[in-house]
Amino acid sequence: MLFDVELTPRKEIPSWIGYITPIATILASLLVCSVILLALNVNPIKAYEMMFIQTLTTESGLIFTINKAVPLILVGVAVYLPLKAQLLNIGAEGQLLAGAIVGTWIALNVSLPTILLIPLMFLGAGVAGLLWMAIPALLRTRFGINEIITTLLFVFIAQRIVSYLVRGPMQQPGGNFPQSASIPGVSQLPEVPGLGVSVGILLATVLIICVYIIINYTRLGYEITVTGANDRAAEKSGISKYKVYLFVLLAGAAFAGFAGINEIAGEEGRLRASFNPGYGFTGIPIALLGRNGALQVMLAAIFFAVIFVGGSNIETLLGVPSEIIGVLQALIILFLLTAEFFKNYSVSMSLKSASKGGPRDNTDVEGGA
Amino acid sequence: MSNDSFVEMKSITKTFPGVVANDDVSMSVKKGEIHGLLGENGAGKSTLMKILYGLYSADSGTIRLDGDTLDMDSPQDAIDAGIGMVHQHFKLIPRLSVSKNIVLGKREPMSVFKTEPDQTDEKIPSSIISHPVLQWIGSRFTLGLEKPKSEIQALANEYGFDIDVSTPVWQLSVGERQRVEILKALYRDVNLLILDEPTAVLTSKEAERLFETLSKLTEEGVSIVIITHKLDEIQSITDRVTVLREGEGIGTVKTADVDREDLARMMVGRDVLLEIDSEQVPNGKPVLEASNLYADDERGVEVLSGVDLTVHQGEIVGVAGVSGNGQLELAEAAAGVRGVTDGSIAVNGKDITNKSTRSFINHGVSFVPEDRYLDGCAGELSVMHNSILKGYKNDRFGEGLRLDYDSSASYAEELVEEFDVRGINDVSEICAEELSGGNLQKLILAREMLRDPDLLVASQPTRGVDVGAIEFIRERLLAQRDEGTGILLMSEDLDEIFDLSDRVLVIYEGEIVHETTPEEGSRQRVGLEMNGGETVSDSAKGMTTVAADGGRSET
Amino acid sequence: MSNLIAGLTSTTVSATTVLLLAGLGELISERAGILNLGVEGIMLIGALSGFVTASATGSYWLGFGVAIIAGGIFSLIHAVLCISLNADQAVSGIMLTLLGTGLSTYFGSSYSGASIDGFPDIAIPILVEIPILGSALFNNAATDYIAFLVFPAVWLLLYRTNIGLEIISVGEDPETANTMGVNVVRMRYLAVIICGAFAGAAGAHLSLAFTQIWSGGMTAGQGWIAVALVIFARWEPARLFAGAILFGGLNAFQLFAQGFNFSVGAAAPLAEIINPVLGFVFNPTIMSTYPYIATLLVLTITVIRAENRELAQPSALVQTYNQQGE
């Protein structure tokens, strides 16, 4: 190569980068996506207009968006909280399914008035999600086994358990389809009176506020933040890594469980074998986009909600395969990863010159014995 | 320098930001000699040899090998010139066998592909096999292990290594692994072998075997440089020794002409009569009683072997020692950050052996760790976050679950004010890693000291800190002592130890080998003990008198 | 009964091929220290590109070749992100799967459900005459034979070539390898591209040989099983081969077990307890969790056993499965 590409780690990260990054990422993804749209002879401007403008300016669009934002906020936090401690919860999808299973079971088998039943369903779902994370959390805290692969394996197991249950023990009695019975009306999530959106949004908002308060106003939040920034120094300062890790993993998993029952008690109405929302994985780019705070997580979740709702609109109206949403999601992650790199390194290119100063390896810059 | 030098390093100067590692250092090594390179930590020994090995390039000066001037750009150049280096941390891949470790990177093809007359097995005529495409294929898609393996095994047998080169490295002991490192150098036809603190990880038996091997090598004409701080090693096997101190070359002497005291004096400098102007506070009750401590290092190797240590209220106990002899682990054990495998630790009379770090903190123990970035702070978090790292559970920062960042910020501002930490306009905006080394260290000290600890463990508190900050930190340590805190100070800087301590201990190979006071002790003697000099019997400990000319007399 | 065994074996062979190809590729990448969670997505890219090429040109061999190349190129994204840009390997891999799945379904929508004439079964003379198993084992598509040859090839590559030695060294201790003159970056790129190429081949096998159709998401999680398989095999090709047969066989067994009723006679002792348990254990859906559970167990046991902790996994596998005091 004629050029010397020099990568110097940035000493200070200019604060404007923190704001520009999410926006630049989204713009870049939309740009690349438009190329993909063009490849199928779809006018990207038209598609985006439909996806964003129409979704946000019509009442039904707004309602759908807010409802769709609920599970996304929940899984976003499910990934965000462990991320604060530098853990990656890839298994939110599995915890979501666990929550869906138990929540549905409660809905189908427990007779209580709505005001008691729904909280119980959510409680059960949260506990289910938490339990689904218990083994990976234990393996991580006790043996250092990376939570990425363990939570991922549990996702696949959860998917199959759902499939088994709706074809067997939880199958609609007398039915032939791989699905559970419909949950009774008393267990369905009501709407906020007058607004037309699901009450789920209230739960999601409350949880976001709780997480925000915990991280920013409590000692536990402090411990989580320090552990995430430097776990060695945290441990040597008396902070219990066990406690921090277990808390963020289990709490995050519970939130994912909430997302699961939210879907069943909302749009789905029953547990189907085809219930495979994939939100658990969407939680990853949401948490990455919003890694600076709970509020940003909420905004990122809403953004993805717009994409999802808008995406199914353009599928219906323009015939664009809905997979474009998945593609857009993936592109956002891709550009986020790229941006992360440029955030930490400044790149400069120069013509190759013979330089003979400085240490050859990076190990010993401060001089040794 | 004599003309039969094999390797000559002349007027080597090398600076890193903020420090002159080598200042016009010259050194020469004769063919077939074992040459020691002696000095304390920070003297510049490793840097000098890394320059020779091509890992660094000198700012000025020349290197000559057998008369030719060398241009070292990379370790490959050094290897080509016949220089080999055995590092302190072995560069071996445990999963692979000895022979695979040694041939790694050479891309030796199977013998079918070889073209040199003495190597080819002539199955395919060399006119065909030397075609570049075939050579390309051979070097990548085959593995020439047969011949090298037998060569390496022969080498190993020749030096009495008793290693089966098919053995995977993970099965080998530390001493055996070191021999593999030497084999690596030998296999590449080494003329000069550099060993960096080779006995740091060996038992005495293994060390003996190493010395035998080195002698054998010199009989074959290989020149050897040993970097070490251990005086007994210098005396046992070197022919000549070059001493460095604080980046400067002090001199080269014939080993037979000097004794350990001479060497220690060269390493450490002359005695200076000290003005001790700190107030003497009467010692109170013990705040730290460590008894018969045993502990392991990161790799599970025993590094503390029965340490007894007491620190009283209002006393500074300075522990002198060369890094690698256990002071890091001792400091961490005393602070409750590292567990001990045997022995006990009592703080203020309460036995809290192996209790949690939190427990130690609650019992009034503060800790300034050696590596401030890795262990002492969370770099990407603000000064405010870092200020309350030990104290955040305190009620003044909020009740119950709540953490009040406002009072944390004002506390941080107090710390900054008290300890003159510069470069901060807003404690909650500036990140810890944005502070200069000295200022960060002051912040950490502020945090650890201002919580009024009973015991303060400070490990290398002024390392890598600018001069102004060093003064400040030392004054504060004394002030803290005057307020009644017991301080355990680890330092490689003998000046610092002598300036600040009420009592001086020396640690060597995991044991406390010497105890004295600044008034009664001599820097030479301490320097000697730090490097494994003769440990005098108990009755003579602390009874060495100081003479102005650096001479030594014993009662 | 012999038909049953033949059928089971035949299905096992095809199921094994997919896992073998994808798994060996992932093994090479992880031995070099790079975790590639994008296998599922790359396989789909391979499946689609192979199918489209074969449809357009009529040549399934060309399709196979294109799929391999497409897989290699697609995996470059992951390589650049992880090796040159130091991105989080897990996130990058998942992104690759999302991207591959999305793109393949998106662009493949017009081909959905279409079928082509793919690889025909080729019988190996003499061997195919072996009673019962002969027709199952020795009458398969070229891609099956290729996969079974790839296994010894990978073994030889890793353990008997300089490239293999360097790949292993780079996944164990890149700094040491670098000191010894190995080009760490180049070796890692090579490993990831090989992984992509193999995954592409596995996908092509699915669309051109196994099923000879295209449908969105047709890999149905086999890419993930391949990832689990590498862990289950503890990064050894021979164990991976055995594991692929095991998991493939399990897959095949599931399909056959659908029609069966596993039970002991009602008169047998404890029948009321045993029968439901058997029904559960042999339930096809439940059986499909066994590879994952087995992998979890192997992973846990391997890491917990103190002995050989150095060898539990490629030491430099970033995002390793065992983080010791990092």
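Domain bounds here come from an automatic or database domain assignment. In this predicted model, chain A is split that way into domain 1 (1–40 + 321–348) and domain 2 (66–320). The C-alpha centres of domain 1 of chain A and domain 2 of chain A sit 27 Å apart, and their contact draws on 12 residues from each of the two. On the domain 1 side, α1 (15–39) and α13 (323–344) of chain A each put in at least two residues, with α13(A) giving the most, at seven. That side of domain 1 of chain A is made up of nine nonpolar and three polar residues, with no charged ones.

Next comes the meeting of chains A and B. Here, 36 residues of chain B are in contact with 25 residues of chain A. Among the elements of chain B, β2 (19–30), α1 (45–52), α12 (357–362) and α13 (372–376) give two or more residues to this side. By class, the chain B side breaks down into 17 nonpolar, 11 polar and eight charged residues.

As for the interior, the largest nonpolar core counts 378 residues, and Leu74(A), Leu488(B) and Leu229(C) touch the most other members. Helix α9 (residues 184–210) of chain C brings the largest share of this core, 18 residues. Leaving aside residues up to four places away in sequence, Leu229(C) touches Leu19(C), Gly23(C), Leu240(C), Gly243(C), Ala244(C) and Phe247(C).

Chain C also holds helix α1 (residues 2–31), which runs 40 Å from its first C-alpha to its last, close to the expected 44 Å. Of the 30 residues in α1(C), 21 are buried, so the helix is mostly covered. After α1(C) comes Gly33(C), with a positive phi near 100 degrees.

Technical notes: Residues numbered from 1 in each chain as written. Chains lettered and ligands numbered in written order. Predicted model: local features only at pLDDT ≥ 70, side-chain atom pairs only at ≥ 80, totals over all residues. Helix = DSSP H or I, 4+ residues; strand = E, 2+ residues; numbered from the N terminus. Expected span 1.5 Å × (residues − 1). Buried ≥ 20, exposed ≤ 12 C-beta atoms within 10 Å, placed from the backbone. Core = buried A, V, L, I, M, F, W, Y, C linked by C-beta atoms within 7 Å. Contact = placed C-beta atoms within 7 Å. Nonpolar A, V, L, I, M, F, W, Y, C, P; charged D, E, K, R; others polar.
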